[in-house]
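I opened the notebook to look up where the ligand sits and what lies around it. One loop residue is noted at the end.

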Amino acid sequence: MASPPTRSRDELARARLAGPDEGISAEELSLAARNHAMPMEAMRWDLTPVGLHYVLVHYDIPALDPAAWRLRVAGLDGSAAALSLADLAALPRRTVAVTMECAGNGRALLEPRPVSQPWLSGAVGTAEWTGVPLADLLAAAGVRPDGLEVVFTGADHGVERGVEQDYARALPVAEALRPDVLVATEMNGAPLPVQHGFPARLVVPGWYGMAHVKWLTDVAVVDHEFDGFQHQAYRLRQEPDDEGVPVTRILPRALLVPPGFPDFMTRDRTVTAGPVALTGRAWSGTGEVTRVEVSTDDGGHWADAELGPSTGRYAWREFRTGWDAEPGDHVLLARATDETGQVQPTGPAWSRGGFANNGSEPVRVRVVASG
Ligand SMILES: Nc1nc2c(c(=O)[nH]1)N[C@H]1C(S)=C(S)[C@@H](COP(=O)(O)O)O[C@H]1N2
Ligand SMILES: [Mo]
């Protein structure tokens, strides 16, 4: 499939916006059914039960033979190596707890809606990833990280807006050499599930999901700025012609564990009047979360929640607060602030591709009298 010659790849990377009354299409539904979110009640756990971690796969999940799999590593000076899983297992390993979030989380809540994977707020999950720091892997392979960027390519292949491609993303060299950037082979102490990148994936703590290349097969040091499709696509733009800025680190966000019990269709909650413990988790890729506030009146008043212990710089952190729930309808909101002073907005943060929308998720609660 060739792209039409009159449209640049850059133009093709930009998402279409849904019309004013255009509902979710069958195509968006088929994406939503393949790429599942984390159910909100899974915010209860520090580590997301593996099958409940969100999944996003652009093309098909590849079936890679672990015995035949090799990670090809190449440097600018012509140096190259091919490492097997046994080679990786022989290198020093490290485990990092990471909250991963898709840059498109919250997209379907935007108006107008960018037409793509229609996430609500559940494109997030936390896992302990174990693997070899990329810096050590390059050293063991005899590949010097002299260059501008490191390009990571996955085994999955497909076509997106007319552009046929392997899934590929790059990192600036300094970012790629951070000691917690891993080529991971384990998730929560077990081999990677196939949907999460078996046998090996990149993990870039603090960055939105698109950087964590799954089914990794190639790592190449390059001397130019990589401008593959997945880099053109993941930019924050307000207008189609904007050059935009690259989507990189996860913006602060807090999500509540939905209290009480849900309605099957609306997911609205029912809670009995009286004291209610509200808990949730908050994270940020730009700095440690330093404050979480909760509102029980749709943003009219905010109260500081108590922060639980840190479970790692790049993993979400629990917060809790009490609520004296009075009968009636209420909208709960939570918002996080991190050490850089960035405060999560309460309204949706709109961009043309629907990226980095860290607006607070409203939780509608009906409080009923007890007895
Ligand atoms: N090879 C490859 N890597 C990929 C993707 C992909 O489609 N192919 N999707 C990316 C995106 S957009 C996200 S949000 C995360 C999702 O990781 P998960 O499915 O393990 O949660 O993987 C990233 N890595
Ligand atoms: Mo994503």
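I looked first for the place of ligand 1 and found it in the largest cavity. A cavity is a set of points, on a 1 Å grid over the protein atoms alone, where a 1.4 Å probe fits but cannot get out. To sit in one, a molecule needs more than half of its atoms within 2 Å of the grid points.

I noted that this is a predicted model, in which local features need pLDDT of at least 70 and side-chain atom pairs count only at pLDDT 80 or more, while totals for chains, interfaces and linings use all residues. Residues are numbered from 1 along each chain as its sequence is written, chains are lettered from A and ligands numbered from 1 in the order in which they are written, and side-chain values use heavy atoms, with hydrogens and water left out.

I then listed the surroundings: 19 residues surround ligand 1, each with a heavy atom within 4 Å of it. The closest are His58, Asp156, His196, Arg201 and Lys214.

Next I looked up polar atoms beside the ligand's oxygen atoms. A polar side-chain atom of Arg201 is 2.7 Å from one oxygen atom of ligand 1. For Tyr54, a polar backbone atom lies 2.8 Å from an oxygen atom of ligand 1. For Leu56, the distance from a backbone N or O atom is 3.0 Å.

Last, I turned to Ser121, which lies in the loop between strand E3 (94-101) and strand E4 (124-133); strands are DSSP runs of at least two residues, numbered from the N terminus.

Definitions and conventions
Polar contact = N/O pair within 3.5 Å; in protein donor to acceptor, adjacent residues only side chain to side chain. 1 Å grid on protein atoms, 1.4 Å probe; cavity = no way out; pocket = protein on both sides within 12 Å on 5 of 7 lines; lining within 4 Å. Helix = DSSP H or I, 4+ residues; strand = E, 2+ residues; numbered from the N terminus.
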